[in-house]
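Here are some friendly notes to read alongside the model, written for someone meeting it for the first time. Take the points in order, with the structure open beside you.

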There are 2 protein chains.
Amino acid sequence: MTNGPQPRPLPSVLLLSLLPFAAWLIFRPFLSPVPPLPALHSSLGFSIIAFLAALYLVPALGGIMVKANLKGRDLLKTYDTPIPECLGLVCASIYILLLILFIPFPFTSWYKEHGSNISNSKPAEGISVPEFPHHLLALYLSSLLSLLMATMLGFLDDIFDIRWRYKLPIPIIASIPLLMVYYAEQGNTYVVVPLPLRPLLGRTLVNLGPLYYLYMSLLSTFSTNSINILAGINGSEVSQALIIALSVVLNDLLYLPWPVDFRIPLHLLGSQKEVEVGGVWAAGMAYGSRELVERHLFSLYFMLPLVGVCLGFMYHNWYVYPARVFPGDTFCYVTGMAFAVVGIQAHFSKTLLLFFLPQIFNFLLSCPQLFGLVPCPRHRVPRFDPNTNLLHPSKVLFEHPPSHASTVVLRALSLLGLTELTIHPNSGQILECTNLTILNVFLVRLGSMNEKKLVQVLICTQIAGSVLAFVVRYGLAGLVYDGDRR
Amino acid sequence: MTNGPQPRPLPSVLLLSLLPFAAWLIFRPFLSPVPPLPALHSSLGFSIIAFLAALYLVPALGGIMVKANLKGRDLLKTYDTPIPECLGLVCASIYILLLILFIPFPFTSWYKEHGSNISNSKPAEGISVPEFPHHLLALYLSSLLSLLMATMLGFLDDIFDIRWRYKLPIPIIASIPLLMVYYAEQGNTYVVVPLPLRPLLGRTLVNLGPLYYLYMSLLSTFSTNSINILAGINGSEVSQALIIALSVVLNDLLYLPWPVDFRIPLHLLGSQKEVEVGGVWAAGMAYGSRELVERHLFSLYFMLPLVGVCLGFMYHNWYVYPARVFPGDTFCYVTGMAFAVVGIQAHFSKTLLLFFLPQIFNFLLSCPQLFGLVPCPRHRVPRFDPNTNLLHPSKVLFEHPPSHASTVVLRALSLLGLTELTIHPNSGQILECTNLTILNVFLVRLGSMNEKKLVQVLICTQIAGSVLAFVVRYGLAGLVYDGDRR
């Protein structure tokens, strides 16, 4: 047994140089000439603060977590030093607190237009100010409420260590504020019918009614749990979250009115027409819809600080490998809920799901274990060999002979190369199979490797998934949806 | 050492009879004839659910708290059995979850008027619905956000056991959502100047500007901490919260449009005129202001479920004396924040402070200890005598001779009968004094008594304080404020 890793000092020059820049960005809306999207500057400033806060607070508060018994052993290492667990709580607190401080900024342009006559002539009584974009504020607040509930529930999960099967539906509770506000505002429950189904249904829009609410709550459950089950090795949770967040940011940027004019050769990707990105306000891929720009701005306000927090946290969880801190369930709950929030509130849930391709694959692959067809041990992380420092696919032993259905499923998965079976030489009965996770699939297909390499493979897969998602969204989607494909 | 108290079974007839009644109340707005204030029925129904949930869930979840090491010894008892601590978290979760489920109900009357044409003709795109009272929704959501943050911070306080001096400003963080939304909406920062000060200032309204925000955050800090420092004996936190909540409810009811017509003989209390309560919509003490009715309805929506939760929790924390569960800091944070929220959002913070008279007294009395003039031990609860089962005033010993200032303050408090000093017979130097809390004052003035009796004295004082508050608010306030005194 050797000692665990020591925290590494941070280059303080980062702090010194970035803080004034962040402050300048935050207060940019109050300096003239006012930029066309003033709040976006502030959001970027807050994101830098989020990055710095995560970078410095995560190691600083690690000790407190260990004291409160929130610590874990790194299962894939030789040392026994307790690693502080549940640092996702710190990330979530930074993230939510900064989002709360950001509340007034999206309305700066409104103050400019209406601010002066309010402060002078407003009557003493009055809960409401006329014409204020309260609906945007309500949207923002309900999202924050869901994020905060996700944090709370994730933290309770970390404290009380809720069993796997019971905690699956927990994110539904966190999505209730979203649903209630959506219902209170009598939000739109229509969806566009894909072209091939239109002759069948005889219409272009279909009202899903209560099913729409079910869809929304399932989306938040999926995005939360799918990150949570693709976990277990240093940096896996945070790298997934970071890449998905960056993909959402990239997608949002396409809809913004860029001051420069450029074209994306989408016809190369299979689209029927070129897409012009740029021009004046309400240009970009928003095709003149101010509402679409507002939605994607909303998404950016939630995603940019998340990118900041993830980057700061990733430094301690992966970049200075091995991990000095663990994220805990709180991290997965908050990031998952943040993605669900932007997908739902900014109305691009289908696009969002495309960024979850590796997670969807991992979830589908896990189903036989999640639903009891194949035994599911408490930990499905790859097996660590302390002598070679390499990870090997972890295996699950069948204590009872597998049922007929299990055998068929496992043989099919084995044929696809997604699991490795150990078969009794005489009876042909399955004795063992590798655990059904994407991490084990990597190890089965690419051979054993060390932990850092495995996360790099995961990161590459996630990036490849996002590239594919963009191709599908802006290339192939034209085959099943017409119009501007909002 | 004897064994601690066993949980007592609950009369299940309560559950059976109240549940259908609560369900009927909740769905009352959808049954015709629709009552004039439909959401109030639903709120009452949710409050009954809150009561039942607290009554049944608090003992059920006590074991889980003990398992997660959230337990404490009752300092004023002879047995050592660990009592589950931090059950305020369960209360807060019930309270907030029900408030979230209640979100659509305040808008039922709006759906009746506008609902039909939305579901038919609404375009497929669109984040916003025109004319919807989004400002009310934003108000409601920001309040929920503050409550949830208070829960989170209270729970963190319970887990990490933050030191007394550091945790004083924590509620300020929870009030940030309130402040930010108030700022985002450019809320009113004017206050009415009391009559005697008007000649001095030369105006009837004065703009406090940033000071108003300071006032709001200090209010939430005060209401939270003042309940927290008047704690330590079974039932003290919950009985305070219950009586304050009931006082706020009573005050709100005065402003509602009552279907019956009655008069309050306010001239007996020193007011210049009689106040008519009752009549049609927008009558009551709201004097025809629909906005005032809306504000007090808002307050009722938050207070009624709080009353329900407090009643249910009180059963286990005091009524089946001794306490089977402890509230933890979470309970004080959430109730304190709930009071701050209604005081700020419904604009009756001055009236609210009047309901905190015993807390204000306790806070002022505690100041010499809080600010270091007199030594402050970790616990200031009365001293328990296991032989007689009585509580005696607890004393603090001066390790160093008290400073001149301390001596003057303590002698003054002793003259007023608020502390008992032990004085060196020769030098006249103060050797000991009783801890400066209202509970010790009761014991000094009324003699030693048992714990249950002491809480009863506290409850009576709190009720007397509320009666005095109503006299001051509706009697004496006429002397310093004119008009309708909203």
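**Notes on the two chains and their domains**

1. Let us begin with how the copies are related. In this predicted model, chain A is superposed on chain B by a rotation of 180° with 0.0 Å of shift along its axis, and the RMSD is 0.0 Å. Such a relation is that of a two-fold axis. Both copies use the same surface, as 100% of the contact residues of chain A recur in chain B.

2. Next comes the interface between the chains. The contact draws on 58 residues from chain A and 58 residues from chain B. Chain A and chain B bury about 5,300 Å² between them, and carbon and sulfur atoms carry 77% of that area. In general, the size of an interface is often given as the accessible area lost when the parts come together.

3. Which elements of chain A give two or more residues to the side that touches chain B? They are helix 2 (38–67), helix 3 (88–101), helix 4 (108–121), helix 5 (134–160), helix 7 (170–184) and helix 11 (290–319) of chain A. Helix 5 of chain A gives the most to this side, with 17 residues. Sorted by class, the side of chain A that touches chain B has 40 nonpolar, 12 polar and 6 charged residues.

4. You may wonder about specific pairings across this interface. How many salt bridges does the rule find between chain A and chain B? The number is 0. For residue pairs in polar contact, with both residues at pLDDT 80 or more, the count across the interface of chain A and chain B is also 0. Please read that second count with its pLDDT condition attached.

5. Now look inside one chain. The domain assignment of chain A gives domain 1, made of 21–110 + 134–347, and domain 2, which covers 383–449. The C-alpha centres of these two domains of chain A are 35 Å apart. Their contact takes 7 residues from domain 1 of chain A and 5 residues from domain 2 of chain A.

6. What area is buried between domain 1 and domain 2 of chain A? It is about 500 Å², with 87% given by carbon and sulfur atoms. On the side of domain 1 of chain A that touches domain 2 of chain A, there are 5 nonpolar, 1 polar and 1 charged residues. The rule finds 0 salt bridges across this domain interface of chain A, and 0 residue pairs in polar contact with both at pLDDT 80 or more.

7. A backbone detail deserves a look in each chain. A cis peptide bond joins A:Y321 and A:P322, with omega about -5°. A:P322 sits in the loop between helix 11 and helix 12 (328–345) of chain A. In chain B, the peptide bond from B:Y321 to B:P322 is cis, and omega is near 0°. B:P322 is placed in the loop between helix 11 (290–319) and helix 12 (328–345) of chain B.

8. One last residue to find is A:H347. Although A:H347 is not a glycine, its phi is positive, about 60°. Where is A:H347 found? Look in the loop between helix 12 and helix 13 (349–354) of chain A.

Conventions. Residues numbered from 1 in each chain as written. Chains lettered and ligands numbered in written order. Predicted model: local features only at pLDDT ≥ 70, side-chain atom pairs only at ≥ 80, totals over all residues. Heavy atoms only, no water. Least-squares fit on C-alpha atoms with pLDDT ≥ 70 in both. Contact = heavy atoms within 4.5 Å. Domains from an automatic or database assignment. Buried area = accessible area lost by both parts, 1.4 Å probe. Salt bridge = Lys/Arg side-chain N within 4 Å of Asp/Glu carboxyl O. Polar contact = N/O pair within 3.5 Å; in protein donor to acceptor, adjacent residues only side chain to side chain. Nonpolar A, V, L, I, M, F, W, Y, C, P; charged D, E, K, R; others polar. Helix = DSSP H or I, 4+ residues; strand = E, 2+ residues; numbered from the N terminus.
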